[in-house]
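User: I am new to this structure. Please take me closely through the sheet and what packs around it.

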Amino acid sequence: MRPGDTAPDFALPDQSGTVRRLSEFLVDGPVVLFFYPAAFTPGCTKEACYFRDLGADFTAAGVQRVGISRDAVEKQDRWTSEHDLDYPLLADVDGEVAKAYGVGRGGLLKAVGLPTKRTTFAIRADGTIAEVIASEVNMNVHADKALAALRAS
């Protein structure tokens, strides 16, 4: 997926089990969709909490935050509660959405419980991708760059 591409629509359960669709989020404006390898890991927790901490900035820009991983609904719910996350976390348990976005992994990293590449998509309200942010080591760059890209769109 590259800037200018249309983001694939999907339907996945959130941390409460409610099925959510990208197309429904987009009705309310742009979306930052961030894929993370696994809840409760240090890097993913840092990234998710940074998205939480910038909540007012995202709200002021009219941008929604949505996280997605291969974790089960129940794990997403525990992680949300433990870290007071204030946005939807979607459970892509079979990895089909990660595959559609080109962020699935194979090999050793998948085997050790990190089946998804840390990648963020800044998606305009019309469903086109404004920016793709991929960094496995800089957890804050995802929120910062996605917000900047959607503010500029």
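Analyst: Start with one pair: Thr119 has Ala134, in β7, as its bridge partner. This is a predicted model, in which local features need pLDDT of at least 70, side-chain atom pairs count only at pLDDT 80 or more, and totals for chains, interfaces and linings use all residues. Residues are numbered from 1 along each chain as its sequence is written, and side-chain values use heavy atoms, with hydrogens and water left out.

Strand β6 (residues 119-123) pairs with β7 in the antiparallel sense, over five bridges. Pairing needs at least two DSSP bridges between two strands. Strands (E, at least two residues) and helices (H or I, at least four) are DSSP runs, numbered from the N terminus.

Now the whole sheet. It is open, has five strands and mixed pairing, and runs β5-β4-β3-β6-β7. β5 (89-91) and β7 stand at the edges with a single partner strand each, so one side of each has no neighbour in the sheet. From one strand to the next, the twist averages 20°.

Helices come next. α2 packs on the sheet and touches β3, β4 (64-69) and β6; contact means heavy atoms within 4.5 Å. The direction of α2 makes about 165° with that of β3. α7 lies across β3, β6 and β7, at about 165° to β7. Axes are lines fitted to C-alpha atoms, for helices over the stretch in contact; angles run from 0 to 180 degrees between N-to-C directions.

One residue to look at is Phe51. Not counting residues up to four places away in sequence, Phe51 touches Val32, Phe34, Phe58, Arg65, Tyr87, Thr120, His142 and Ala143.
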